[in-house]
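Dear colleague,

I am handing over the structure we spoke about, together with some notes on what was found in it. Please read the notes with the structure open beside them.

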Amino acid sequence: MDKFEVKLDQAARAAWLSYVGGQTQDEIAAQLGVSRPGVQRLLALARQEGLVKVHIDHPVAHCTALSQAIRERFELDYCDVVPASATAEDSTPYLAVAGAERLSRIIERSEPQTLSLGSGRSIRATVEALSRIDRPRHRFVSLVGNVARDGSSNRYDGVMVAADKTGGERYLLPTPVVASSVEEKRALAAQPLFRAIGEVAEQASAAFVGVGRIDRQATLFQDHFISESELDELLALDAVGELVGWPMDADGRLIDCSTSQRVTSLPLTTLKRQAMVAVAGGRDKGPAILAALRGGWLTSLITDDQAARYIVERLSSHI
């Protein structure tokens, strides 16, 4: 890579952090190790070379290398790796831009589309980043229950937002993520409404889902979808992550336990016929994302360079 390519790479990163990440020039300067005037010159170069359009039209070199390594290793349709701030606690804003770009390619189609959505911060932010478009014949369906045990709703469900932005139809799964008993789950699954929503979900061409970690900071636990004793059970069985509520071990195998037997989400095996796109990032989610990849559940991945680097490091060390 010659000096100009290195400079262009750095300009693209500065532009991403500025226009997508919303960081100040001082913050960018500290991250890139340049002066504030240096950041201004990089941003000017990015504009001059046509990198700054609706999105950053230049692949940051290290992200491209990570993307290619993951895509080839797991035979993905695509793997988008976005540059995220090394100091940011949450890469959601970066992921949302990339996720919305991929999702919009399907939504913009004029023929009727059925799309299934998981839940979580990244999925909600992705849907919120979509532009409004009139597609009243599209259908959006939840893959995961939208009610906690205390009766509160799932604040990270994106189906309502997607339907509002397109005028499309919405199908919500009116169940808790984890039922209180196996009997309650069976009763819910026997309801005609539950079966009808499942039939719609099975007709989806693609599913956009988050990937959850299983630890004390897990969204499932923090948002009261599972209890502390249920979390302890999953940790004792070496669960590292979950897809739409279904817990997995490090190799992506679904864990059969008293908690998973009460998950009301649509079975992952029934979604094998559609493209499964995960939108998740952050190094702390690296083990969960890698598990989902190893299990063969994903056809595509949208992640950040922190998680991607974790995955590639583990692949290199054969862990």
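A residue is called exposed when its relative accessible area is over 50%, and buried when that area is under 20%. Please keep in mind that this is a predicted model.

With that cut-off, Glu75 counts as exposed, because its relative accessible area is 71%. Glu75 lies in the loop that runs between helix 4 (61-74) and strand 1 (78-82), and its phi is near 55 degrees, which is a positive value in a residue other than glycine. As background, most residues other than glycine have a negative phi.

A second residue belongs in the same discussion. Val244 is not glycine either and has a positive phi, near 40 degrees, and it sits in the loop between strand 7 (241-243) and strand 8 (246-248). Is Val244 buried or exposed? Val244 is buried, because its relative accessible area is 7%, a value under the 20% limit.

The two strands that flank Val244 bring us to the sheets. Strands 6, 7 and 8 form an open sheet in the order 6-7-8, with antiparallel pairing, and its edge strands are strand 6 (212-213) and strand 8, each of which pairs on one side only. Strand 7 is joined to strand 8 by three bridges, and Glu242 has Pro247 of strand 8 as its bridge partner. Helix 12 (residues 286-294) packs on this sheet and touches strand 6, strand 7 and strand 8, with its direction at about 95 degrees to that of strand 8.

The other sheet to look at is an open one of seven strands, in the order 1-10-9-5-2-3-4 and with parallel pairing. Its edge strands are strand 1 and strand 4 (169-171), each pairing on one side only, and neighbouring strands are turned against each other by 15 degrees on average, direction ignored. Strand 3 (residues 139-142) pairs with strand 4 in the parallel sense over three bridges, and the bridge partner of Phe140 in strand 4 is Arg170.

Two helices can be placed against this sheet. Helix 4, which precedes the loop that holds Glu75, packs on the sheet and touches strand 1 and strand 10 (300-304), its direction making about 150 degrees with that of strand 1. Helix 6 (residues 121-128) also packs there, touching strand 2 (114-117), strand 5 (206-209) and strand 9 (275-279), and its direction makes about 100 degrees with that of strand 9.

With best wishes

Key
Residues numbered from 1 in each chain as written. Predicted model: local features only at pLDDT ≥ 70, side-chain atom pairs only at ≥ 80, totals over all residues. Heavy atoms only, no water. Helix = DSSP H or I, 4+ residues; strand = E, 2+ residues; numbered from the N terminus. Buried < 20%, exposed > 50% of the residue type's maximum accessible area, 1.4 Å probe, protein only. Pairing = 2+ DSSP bridges. Contact = heavy atoms within 4.5 Å. Axes fitted to C-alpha atoms, helices over the stretch in contact; angles between N-to-C directions.
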